[in-house]
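Here is a short tour of one protein fold, written for someone who likes to check geometry by eye. Keep the viewer open and follow along.

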Amino acid sequence: MTEEIVFDCLHAEIINYCLDDKENDFSTLEYIGFTTGYRLIERLTRDVNRFKDELETIKFICTDFWTLIYKKQVDNLRTNNQGMYVVQDKAFRFLTRISPGSKQLQHAPKFVAFTCGLVRGALSNLGITSTVTAEVQSIPACRFHIEVNRN
């Protein structure tokens with residue numbers, strides 16, 4: 001319980017620090033998430049056999065990786081089998097303490113930018129180049145869109 005409170009407070013302070021004068025520039029927040037995800041997945045997969053394919057890797061992110069960070073698995077994973085994945089968390093941790101409403105909805109992007117970077121960094125370390133974006137239509141639910149770049 002204590003570690004969760006510390007993590008939540010640290011996340012809030014990172015947001016305040018990164019967005020002090022730049023209200024809509026989430027690039028620093030996303031980059032901190034990227035480097036954190038890159039390092040975390042290295043430790044988490046140290047003793048795990050390599051994944052056989054892209055889908056298995058994404059499933060690992062949605063189960064083990066998500067559970068390590070958010071203490072729960074994602075609620076839903078969908079794919080079009082062409083490199084696009086949608087990860088849904090119906091009670092995303094960083095949005096659960098925000099009151100629902102249209103005014104608060106405009107502040108949601110700053111609470112999901114770190115996680116977009118976290119997922120992108122983890123996938124990058126596992127050999128998958130991707131673009132990760134988030135969509136919040138109603139608080140506290142969030143959808144993360146993962147588009148795998150196959151170049």
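In what follows, two residues are in contact when they have heavy atoms within 4.5 Å. The model is predicted, so local features are described where pLDDT is at least 70.

**The nonpolar core**

A good residue to start from is Ile61. Setting aside neighbours within four places in sequence, Ile61 is in contact with Ile41, Trp66, Val119, Ala122, Leu123 and Leu126. Ile61 also belongs to the largest nonpolar core, a set of 41 residues, where Ile61, Phe92, Leu95, Phe144 and Ile146 touch the most other members. Which elements give two or more residues to this core? They are the helices α1, α2, α3 and α5 and the strands β2 and β4. Helix α5 provides the largest share, ten residues. As a general background, nonpolar side chains tend to be buried together in soluble globular proteins.

**The largest pocket**

Next, the empty space. The largest pocket holds about 260 Å³. Its lining is made up of 14 residues, and those closest to the centre of the pocket are Phe7, Leu40, Leu68, Ile69 and Lys71. Two or more lining residues come from each of α1 (2-18), α2 (27-44), α3 (54-70) and α5 (108-125). Which element gives the largest share of the lining? That is α1, with six residues. Sorted by class, the lining has eight nonpolar, four charged and two polar residues.

**The strands and how they pair**

Now to the strands. β1 (residues 76-79) pairs with β2 in the antiparallel sense over four bridges, and Leu77 stands opposite Val87 of β2. These two strands form a hairpin, with four residues between them.

β2 (84-89) also pairs with β4 (142-148), again antiparallel, over six bridges. Here Tyr85 has Ile146 in β4 as its bridge partner. Ile146 has already come up as one of the core residues that touch the most other members.

β4 pairs with β3 as well, in the antiparallel sense and over six bridges. Thr133 stands opposite His145 in β4. β3 and β4 form a hairpin with six residues between them.

One residue of β2 deserves a closer look: Gln88. Is Gln88 buried or exposed? Gln88 is buried, because its relative accessible area is 17%, and buried means under 20%. Beyond neighbours within four places in sequence, Gln88 is in contact with Val74, Asp75, Asn76, Cys142 and Arg143.

**Backbone geometry worth a look**

Most residues other than glycine have a negative phi, and most peptide bonds are trans. Against that background, a few spots stand out. Lys71 has a positive phi, near 65°, without being a glycine, and Lys71 lies in the loop between α3 and β1. The same residue is among those closest to the centre of the largest pocket. Asn81 likewise has a positive phi, of about 60°, although Asn81 is not a glycine; this residue is in the turn of the β1-β2 hairpin.

The third spot is a peptide bond: the one from Ile139 to Pro140 is cis, with omega near 15°. Pro140 sits in the loop between β3 (130-135) and β4.

**Accessibility of three loop residues**

The loops hold residues with a range of accessibility. Lys71 and Asn81 were met above, and Gln73 is found in the loop between α3 and β1. The table lists them together.

| Residue | Relative accessible area | Class |
|---|---|---|
| Lys71 | 42% | partly exposed |
| Gln73 | 46% | partly exposed |
| Asn81 | 62% | exposed |

Why does Asn81 count as exposed? Asn81 is at 62% relative accessibility, and exposed means over 50%. Gln73, at 46%, therefore counts as partly exposed, since partly exposed covers values between 20% and 50%.

Gln73 also gives a handy length to try in the viewer. The C-alpha atoms of Gln73 and Asp20 are separated by 32 Å, and the two residues are 53 residues apart along the chain. Leaving aside neighbours within four places in sequence, Gln73 is in contact with Cys62, Thr63, Trp66 and Thr67. Trp66 is also one of the contacts of Ile61, which brings the tour back to its starting point.

Terms used: Residues numbered from 1 in each chain as written. Predicted model: local features only at pLDDT ≥ 70, side-chain atom pairs only at ≥ 80, totals over all residues. Heavy atoms only, no water. 1 Å grid on protein atoms, 1.4 Å probe; cavity = no way out; pocket = protein on both sides within 12 Å on 5 of 7 lines; lining within 4 Å. Points joined across faces, edges and corners; volume = space filled by probe spheres on them. Nonpolar A, V, L, I, M, F, W, Y, C, P; charged D, E, K, R; others polar. Core = buried A, V, L, I, M, F, W, Y, C linked by side-chain atoms within 4.5 Å. Buried < 20%, exposed > 50% of the residue type's maximum accessible area, 1.4 Å probe, protein only. Pairing = 2+ DSSP bridges.
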